[in-house]
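Colleague: I would like a close look at one part of this model. Please put it in the context of the whole chain before going in.

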Amino acid sequence: MTARHRRPHSTGTASRVVLGIVTTIAVVGGFLTLVVLQRRGSSCEGELRLNVAAAPEIAAAVEPAAQAWAKTATGPNNQCVSVDVVSAEPVDVAAAIATAHGVPMREIGQADGKTKLPDVWIPDSSTWIQRLQAAAAKAKAGKGETVTPAPGQATASANPQAAALANKPLVPEKGTSVGRSPVVLAVPEPLAATLGWPKKQVTWPKLLQTMNQGTPMRVGIVEPTRNAAGLSGLLAMAGAAQASGAKAQENTVAALRALVKGKSALTADLLAEYPKDTDPATLATKLGAAPLPEFAVVSYNANEPPVRLAAIYMEPSPLGLDYPYTILPTMAPEKSSTANGLLAALHGDEYANALAKAGLRASDGKTGAGFSAPTGAPASIAADKPADVVSIIKSLTTWSAVTAPSRMLAIIDVSGSMGQLVPTAGGATREQVTVEAAKGGLALFDDDWSVGLWTFSTFLDGNKDYKQLAPIAPIASQRNKLLAALSGIRPKEGGATGLYDTVLAGYREVKKGWAPGRINSMVILTDGENQDSDGISLDTLLTTLRKEADPNKPIQVIAIGISEDASKAELEKITKVTGGGVFIAKDPAQIGDIFLQAIALRAQ
């Protein structure tokens, strides 16, 4: 919704009398626009327009507060003040900001072309600010990664605004909260009672146990790369699983797989999955739990559904929504004082009451009049500590790595240098840390993935530099075979690096069975440069790949360099032709995280 508040300059005798308020409604570009014209006895010079994009649930409270404030506000040069409040999904604004600056945020994609950069942004969570800052920092530093689009694919920085905004930060360091909503575990009340609600505190270990028991509870999540509450739930559940002792890895994999199966693109789609009656069979097969904001549970129950949702306030509590009032650095400097004036207006009892009608809390965590508190809801909530941006990025990277439907050939270097010890990995060899990273990824990949496994060195299979350990096939049919093959990988003593022949053969293998509707890729892990003087040259490899690359059947080549011994320049020349990316694990002990980052790239 857009609200404009304007006081036109008055002339003649009209400037000495109050002419009243004229309200008109118009539909402009698909948005409902409320135009409020306030004429006062005092004149003003020109107009200063402030554009505000707010998350949909809080826009309904911000709009009337802005309307009331603008009636008496004056710009720095005695201008009339006009405030446009537009309801906008945070992911759309984040994509618009990143795209305008030429900064890749691959997990959310390019801007939709409809969302305009506002002066003030009120997303639902400060995690959007952190993610934009992290994306900008990564783009500036490089982080040992280079990414090349596939043939025919446009780059994220190919836009006319990027050059002009190159030296401006995407977002400020932080915003000021103008509302709150804790993230709760939304569970149908009959199922919640079996967990001890509302008398007992429900714990994360209890939830994990319920998820993994004989008759598991169906859990869901809104796509965490595009939804702040979904991200909060992912962080909380993954953190709890990782802290579960001896079964940490098992619980983490189980939790991620359960969430992947129950993910929805939109909150409304997820809510539609909850049971509509209390029949035991229905309760057992429909959605049983999902991390959702408190306001979503309040709104759902307000519609008097046949099965109400319990809002379970978990301990430790997931990261809540804090609605940061964010003045974007791209805003014209002369609007600064006006933007700060509007911020000051988004406080007080009247504003808190407007938030309460939307199911939201005030910035101090307390509720205004008319708030429909769920059973067991605390009277107030404390502000959360800022989220750990490293944990955010790691969780989203892992999520992206395991959710995209894929067909992949993994090729692991077994040349003699892979036997070198890694001091930071407790004395394990490069080969061992690489194999463990691959095993960790395999554990997360769903059964509908298709994966093949090769190794390579020189003269590994007769005159060939590469050897097939498992063909590209659904994991469901060969998971144990892949694990056994990985466990048996050893460096070839005296073996050199036959890179070029292997890349060409692997590319052709993936192309031979190219599958529509999936991400077709080849991931090659190596710690060296080509050392096979009897094989094809780099020029021959690149010329052949150019001839065989098909824009209608893209194949991404993802190269992971294990230590700085890997030839980044050599690998970049290859991926420039095929599309894909190069990742260098300067410390081989970090290959696990690098592996997941590389796998996540395939989704782009």
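Among contacts between residues at least 6 apart in sequence, what percentage join residues at least 24 apart? Then take me along strand 13 and through the loop to strand 14. After that, which elements line the largest cavity?

Modeller: This is a predicted model, in which local features need pLDDT of at least 70, side-chain atom pairs count only at pLDDT 80 or more, and totals for chains, interfaces and linings use all residues. Residues are numbered from 1 along each chain as its sequence is written, and side-chain values use heavy atoms, with hydrogens and water left out.

Your first number is 79%: that share of the contacts between residues at least 6 apart joins residues at least 24 apart. Contact here means heavy atoms within 4.5 Å. The protein has 604 residues, and 52% of them count as buried (under 20% relative accessible area; exposed is over 50%, partly exposed in between; 1.4 Å probe, protein chains only). Its secondary structure comes to 20 helices and 20 strands. These are DSSP runs numbered from the N terminus: H or I over at least four residues for helices, E over at least two for strands.

Now strand 13. Strand 13 spans residues 309–312 and is covered on both faces. Leu 309 and Ala 311 are buried on one side, Ala 310 and Ile 312 on the other. In a regular strand, side chains alternate between the two faces of the sheet. Strand 13 runs antiparallel to strand 9 (residues 183–188), with 4 bridges joining them. Two strands pair if DSSP finds at least two bridges between them. One bridge sets Ala 186 against Ala 311 of strand 13.

Next, the loop. Two backbone features stand out between strand 13 and strand 14. Pro 316 sits in this loop, and a cis peptide bond joins Glu 315 to Pro 316, with omega about -10 degrees. Tyr 323 belongs to the loop too. Its phi is positive, near 45 degrees, and the residue is not a glycine. Tyr 323 is buried, with a relative accessible area of 0%. For context, most residues other than glycine have a negative phi, and most peptide bonds are trans.

The chain then enters strand 14 (residues 324–327), which is joined to strand 8 by 2 bridges and runs antiparallel to it. Thr 176 has Tyr 325 of strand 14 as its bridge partner. Strand 14 belongs to an open sheet of 5 strands, in the order 5-4-6-14-8, with mixed pairing. Strand 5 (80–87) and strand 8 (176–177) are the edges; each has a single partner strand, so one side of each has no neighbour in the sheet.

Two more backbone sites are worth checking against that loop. Trp 197 and Pro 198 are joined by a cis peptide bond, omega about 0 degrees. Pro 198 lies in the loop between helix 5 (189–194) and helix 6 (204–212). Phe 459 has a positive phi of about 50 degrees, again in a residue that is not a glycine. Phe 459 is in strand 16. Phe 459 is partly exposed, at 43% relative accessible area.

Strand 16 leads to the cavity. A cavity is a set of points on a 1 Å grid over the protein atoms alone where a 1.4 Å probe fits but cannot get out; lining residues have an atom within 4 Å of a point. There are 3 cavities of 30 Å³ or more, and the largest holds about 130 Å³. Grid points are joined across faces, edges and corners, and volume is the space filled by probe spheres set on the points. The largest cavity is lined by 13 residues, and the closest to its centre are Ala 410, Ala 438, Val 451, Leu 453 and Leu 486. Strand 15 (406–413), helix 15 (430–444), strand 16 (450–461) and helix 16 (475–487) each supply at least two lining residues. By class, the lining has 12 nonpolar residues, 1 polar and no charged. Nonpolar covers Ala, Val, Leu, Ile, Met, Phe, Trp, Tyr, Cys and Pro; charged covers Asp, Glu, Lys and Arg; the others, Gly among them, are polar.

Last, an enclosed helix. Helix 2 (residues 90–100) has 10 of its 11 residues buried, so it is largely enclosed by the rest of the structure. Val 91, Ile 97 and Thr 99 are among the buried ones. Just after helix 2, Gly 102 takes a positive phi of about 70 degrees.

Note on methods: On a 1 Å grid over the protein atoms alone, a cavity is a set of points where a 1.4 Å probe fits but cannot get out, and a pocket is an open set with protein on both sides within 12 Å along at least five of seven lines; lining residues have an atom within 4 Å of a point.
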